Amino acid sequence: MLSIKNLHAKIGDNQILNGIDLEVKAGEIHAIMGPNGSGKSTLASVLAGREEFEVTEGTVEFLGKDLLEMSPDERAREGIFMAFQYPVEIPGVSTINFMKTAVNQVRTHRGLPPLDAVSFLGLMKEKMKLVDIDQSLLNRSLNEGFSGGEKKRNEIFQLAMLDPRLAILDETDSGLDIDALRIVADGVNKLMTKDKSIIVVTHYQRLLEYIVPDFVHVLYKGKIVKSGGKELAVELEAKGYDWVKDSVVA
Amino acid sequence: MTTNAIDTNPTLLGVTPGAIDTIPSLATLRDETFRHLQEVGFPGPKHEEYKYTPLTRALEKLSLDDQGETGAVNLGDYAIADLDATVVAFVNERCVTPFPETEGLIVKPLQEALANGAGENHFAKIADAKADPFVAWNTLAWTYGLYIEVPAGTTLAKPLVILHVSDGAVSKAARNLVVVGKNAQCTVIQKFASTGKSTSYVNVVTEAFVDENARLDLYAIQADMPGQIQFNQTRVLQKDNSRVNSYAFTLGGKLVRNNLALALDGQGCESHMYGLYLLNGDTHADNHTVVDHMKPNSFSNELYKGIMDDTSRGVFNGKIYVRPNAQKTNAFQSNRNILLSTDAKVNTKPQLEIWADDVKCSHGCTTGQIDEEALFYLMARGIPRSTARAMLLYAFAGETIDAVGLPAVQQYLAQRVSQRLQRNDF
């Protein structure tokens, strides 16, 4: 599904990614872990198409197409979804109107007819249940005045609505209490199917108890320095990142 | 025949006599105004009130010679769909619709009303000719316009629309006087348009008297008027417990100057002022507003928003006066702007003069660009850049449209504005 080869990226003069290789196949869940500043969020941003980051070397293929050639909206229509670490507040745009526009853009791209108001509402009601989000919240301006938990649930609600092939969860666990974490993780798990993939970017192992990864990769100084199964996350939690840093130096 | 010639330029001073010359009771006012204008002249480029908007220079340069009337005006092109209204339409100075015979409402040509003594108490008293040279010129030069009287206790079911169409390269002056009696209510919408791309000049002055417990909703919709230079002055005098809502939507034109002045000469008044200017090309739009709190316990709120693209320019100047005895005044003002190009400009200036000590007043003005973070967020959900941009700009502008009380007008504006924003070239 996703094939990253020797990816280098910088922002301004700051080189952040220094040669990332990663293969994600359909049906797999990958976790990207690492200390602060290791480049985790940069990787997520580069995949989503954030323009501040400049890719200086390497390739990314998504479903056989050159991802780096695509604008952020094209990537989303092709089936990439990034749940933001800090969802943006947009006064004056309601989540419902926003989602209606987005869903129909994605549907048109897939050769499906746009949803009429009734079908859209039906779809929305179904997905709202998944993340236990209230309609009154969705009638309001996008994320405006939402609590941290509400914002993150709104991200997963959008994920459910857009039905992507690859979901990238960027620090989705930050700012969530244990109940909200469980709701968000349950939502993600229910959406997971054999033809989809998930990349979970996280600092802590906590989220991975609920969204169980097939692979765990440790990012340090812009490179993947260690890969393993889900037990690697547990080991990291117990030993801390210094353990990885030391082993890299050694 | 008297001649008004202070200047040979007909847009600065009409060579044809205005309606005032035909009303004997106004002869003194006419002569005084004429002398005053001769003395003060038109504001030059350094005049404080006009330094960002060189109206005098624009009029000096204006040439109206080549194109006459097209004679092909389709009023339907300028109608507000689904609005159930009484419409009085003027093509140049000619009224082209029958005069309405609405029960409980007096609508007459202002010239006829003044000749019969109606409106004398208010004419040129709310819009003082000495307050502004362009008002002075209007006082001398106006040739058409309406006298609208809503008798005490009357609520007008339908809004009154005054449609001003400039056909061809013309210069004209219009004058309206609106008198809303005690406990009466009405809505007056002035809509401006011009045919083709002809250069035209319109100077319109509207004065309104809003008596105790009365309500007046005033709209100015400036769209479909490429090539137009417009001076639009609205002056309102409010009495106890009256309410005024003013809306100014500037969606086009060449050079537009809107002066809005509300005098709150009563207690318990409420005044709301909303404005939106959506400018591209080399359009220049200037909104000067004054709210004068003269008595205690009144409330005013002002919200003006602007979006400027290309080489367009917006100007906002908002004055709030709170007189010494106007205690317990609440007065709020906000002006927010988005610049879409590096060549677009805005000058915004709040001006608060508060002599009373027990008041709540606030003002704020911002100028910024489109929020790139928000744009990326929308795009990251599959929405193309141009659509995402239109959504964000509409979200910004929409606050002024949402404040419109008439659903049909609101829908009309929403449609016009979103169509404009969705066009990629905007």
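**Chain A, chain B and a helix pair in chain B**

In chain B, helix H1 passes helix H4 in a left-handed crossing. The model is a predicted one. Besides this helix pair, the briefing covers the interface where 30 residues of chain A are in contact with 16 residues of chain B.

**The helix pair in chain B**

- H1(B) spans residues 27-40 and H4(B) spans residues 133-141; their axes come within 9 Å and cross at roughly 140 degrees.
- On the H1(B) side, the residues in contact are B:Leu29, B:Arg30, B:Thr33, B:Phe34, B:His36, B:Leu37 and B:Val40.
- On the H4(B) side, they meet B:Pro133, B:Ala136, B:Trp137, B:Thr139 and B:Leu140.
- Sorted by class, this contact consists of eight nonpolar, three polar and one charged residues.

**Area of the interface between the chains**

- The size of an interface is often given as the accessible area lost when the parts come together.
- For chain A and chain B, the buried area is about 1900 Å², with 68% of it on carbon and sulfur atoms.

**Salt bridges and polar contacts**

- Three salt bridges are found across the interface of chain A and chain B.
- A salt bridge joins the side chains of A:Glu51 and B:Arg385, with 3.3 Å from N to O.
- Polar contact across the interface involves 10 residue pairs, both residues being at pLDDT 80 or more.

**The side of chain A that touches chain B**

- At least two residues each come from helix H2 (72-78), strand S6 (80-83), strand S7 (90-94), helix H3 (95-109) and helix H6 (148-162) of chain A.
- H3(A) gives the most, with six residues.
- By class, the residues on this side of chain A are 18 nonpolar, six polar and six charged.

Terms used: Residues numbered from 1 in each chain as written. Chains lettered and ligands numbered in written order. Predicted model: local features only at pLDDT ≥ 70, side-chain atom pairs only at ≥ 80, totals over all residues. Heavy atoms only, no water. Contact = heavy atoms within 4.5 Å. Buried area = accessible area lost by both parts, 1.4 Å probe. Salt bridge = Lys/Arg side-chain N within 4 Å of Asp/Glu carboxyl O. Polar contact = N/O pair within 3.5 Å; in protein donor to acceptor, adjacent residues only side chain to side chain. Helix = DSSP H or I, 4+ residues; strand = E, 2+ residues; numbered from the N terminus. Nonpolar A, V, L, I, M, F, W, Y, C, P; charged D, E, K, R; others polar. Axes fitted to C-alpha atoms, helices over the stretch in contact; angles between N-to-C directions. Left-handed = near helix turned anticlockwise from the far one by under 90°.
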